[in-house]
Amino acid sequence: MGAAALEVRDLEVSYGDTPVLKRISLAVAAGEFVALLGPSGCGKTTLLRAISGFVPAASGSISVAGRDITHEPPDKRGMAMVFQSYALWPHMTTAQNLGYGLKLRKVARRDIARRVAEILTMLKLDGFAERNVTQLSGGQRQRVALGRALAVSPEVLLLDEPLSNLDARIREDVRHEIKALQAKLGITTIHVTHDREEAMVMADRIAILDAGRIAQLGTPEEVYNRPNSPFIAAFMGAGNVLELEARPADGGIRIEAGAHNDAVLIRGAGVAGPVVAHFRSEAARLGPADATDPERLLLRGRIVQASYPGGFYRYAVAVGQNQFMVDDTRRLAVGENVGIGLPVSSLHLFSRRNA
């Protein structure tokens with residue numbers, strides 16, 4: 001990563017006597033797109049608002065291109081924000097909304113008109129300049145909100161869940177448009193979202209927050225394939241959880257046979273003793289209940305529920321007192337005895353002592 005365009009060091013924020021952010025540190029390179037991801041109440045929006053200046057820091061520092069802005073007001077930070085609600089002026093036209101920030105900065109009228117024309121073309125809004133924003137679709141309003149932020153050429157672009165008000169089809173299109181535009185302009189961007197897929201397809205790196213701290217920071221591939229805790233594994237989609245016993249064996253660990261599983265060797269794994277294993281529904285494969293496979297952990301169970309989300313079937317499989325979700329392309333009957341085959345590489349293992 002190159003030199004930091006935005007750096008947060010040991011940032012702490014409290015609401016009254018309640019600490020919300022706890023010694024957050026984050027360095028974002030010039031032109032990098034970082035998503036702040038996490039469940040409701042984890043602190044991601046507070047972190048964005050602290051960076052933007054709308055929430056004061058109790059301690060720590062925030063800098064942009066080496067310039068300390070910790071105590072600067074929002075309009076002096078060299079940033080622009082796109083809000084979840086778009087925050088457009090309903091009595092203004094598209095062009096007036098796009099040029100509003102420039103007007104506040106007392107930019108010459110001629111220069112505002114030129115910049116607005118550039119933004120209209122960039123965002124494929126030609127022909128909408130004189131249309132009132134209340135007459136635009138949700139996707140078009142989102143583009144206007146983004147264009148207003150880009151018009152002032154900010155050093156850092158802040159996105160506060162700007163796609164959450166769009167329907168699923170439009171949201172998918174617009175997320176790719178924003179990412180392509182961000183990459184083309186090379187603008188440093190921080191994006192708050194609770195949508196895991198949105199963060200995965202848009203961000204260069206993802207910071208997953210939990211209880212006011214960054215629980216893991218890495219590329220989409222890293223946080224998805226190598227979660228560092230049971231919380232991250234579950235949040236990134238590996239919501240099936242089972243408890244197992246493991247012991248060191250042959251350069252890895254051996255999962256001991258249990259009431260509903262056979263023994264299996266996992267090479268290279270270093271977690272022994274009581275372990276908890278997380279896996280994704282799409283990683284599992286259903287087969288005969290009496291199958292054996294030295295490369296897979298096999299769980300014996302019974303289908304208790306079936307649904308069809310589209311393109312595949314999703315089954316709830318009871319294994320002892322537990323239920324696991326498994327995806328399969330075949331249509332199988334509720335009540336059928338099956339084996340759940342789990343490639344050992346698909347298991348995210350953690351010590352139960354630390355889980």
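User: Angles under 35 degrees count as roughly parallel, over 145 as roughly antiparallel, 65 to 115 as roughly perpendicular and the rest as oblique. This is a predicted model. How do α2 and α3 lie to each other?

Analyst: Helix α2 covers residues 94-104 and helix α3 covers residues 109-122. Their axes are 9 Å apart, at an angle of about 125°. An angle between 115 and 145 falls into none of the parallel, antiparallel or perpendicular classes. The two helices α2 and α3 are therefore oblique.

User: Which hand does the crossing of α2 and α3 have?

Analyst: Helices α2 and α3 pack with their axes 9 Å apart. Their crossing is right-handed.

User: Which residues in α3 are met by residues in α2, and how do the residues of that contact divide?

Analyst: From α2 come Thr94, Ala95, Leu98, Gly99, Leu102 and Lys103. Facing them in α3 are Ile112, Arg115, Val116, Ile119 and Leu120. By class, the residues of the α2 contact with α3 are seven nonpolar, two polar and two charged.

User: Is Arg143 buried or exposed?

Analyst: Arg143 sits in helix α4, residues 138-151. Beyond neighbours within four places in sequence, Arg143 contacts Leu123, Leu125, Val174 and Glu177. The cut-off for burial is under 20% relative accessible area. Arg143 has 19%, so this residue counts as buried.

User: How many salt bridges does the count come to, and what distance, N to O, goes with Glu32 and Arg205?

Analyst: The count of salt bridges comes to 18. Glu32 and Arg205 join through their side chains in a salt bridge, with an N to O distance of 2.5 Å.

User: How many residues apart in sequence are the parts that Glu32 and Arg205 tie together?

Analyst: Glu32 and Arg205 share a salt bridge. Glu32 is in the loop between β2 (18-29) and β3 (33-37), and Arg205 is in strand β9 (residues 205-210), so the pair ties together parts separated in sequence by 173 residues.

User: Which helix holds Glu197, the residue linked with Arg175?

Analyst: Arg175 and Glu197 form a salt bridge, with their closest N and O atoms 3.2 Å apart. This pair links distant parts of the chain, 22 residues apart. Arg175 is in helix α5 (residues 168-185), while Glu197 is in helix α6 (residues 196-202).

User: At 45% relative accessibility, how does Glu197 count?

Analyst: Its partner Arg175 has 5% relative accessibility, so Arg175 counts as buried. Values between 20% and 50% form the middle class. At 45%, Glu197 counts as partly exposed.

User: Which residue forms a salt bridge with Asp328, and which residues are joined into one network by salt bridges that share partners?

Analyst: Asp328 is buried at 7% relative accessibility. Its salt-bridge partner is Arg330, at 2.9 Å between the closest N and O atoms. Arg330 is partly exposed, with a relative accessible area of 39%. Elsewhere, salt bridges with shared partners make one network of Arg175, Asp195, Glu197 and Glu198.

User: How far apart in space are Ser25 and Gly60, C-alpha to C-alpha?

Analyst: Ser25 belongs to strand β2. At 39% relative accessibility, Ser25 counts as partly exposed. Not counting residues up to four places away in sequence, Ser25 touches Val8, Arg9, Asp10 and Ile214. Ser25 and Gly60 are 35 residues apart in sequence, and their C-alpha to C-alpha distance is 8.9 Å.

Technical notes
Residues are numbered from 1 along each chain as its sequence is written. This is a predicted model: local features need pLDDT of at least 70, side-chain atom pairs count only at pLDDT 80 or more; totals for chains, interfaces and linings use all residues. Side-chain values use heavy atoms; hydrogens and water are left out. Helices (H or I, at least four residues) and strands (E, at least two) are DSSP runs, numbered from the N terminus. Buried means under 20% relative accessible area, exposed over 50%, partly exposed in between (1.4 Å probe, protein chains only). Contact means heavy atoms within 4.5 Å. A salt bridge is a side-chain nitrogen of Lys or Arg within 4 Å of a carboxyl oxygen of Asp or Glu. Axes are lines fitted to C-alpha atoms, for helices over the stretch in contact, and angles run from 0 to 180 degrees between N-to-C directions. A crossing is left-handed if the near helix is turned anticlockwise from the far one by less than a right angle, and right-handed if clockwise. Ala, Val, Leu, Ile, Met, Phe, Trp, Tyr, Cys and Pro count as nonpolar, Asp, Glu, Lys and Arg as charged, and the others, Gly among them, as polar.
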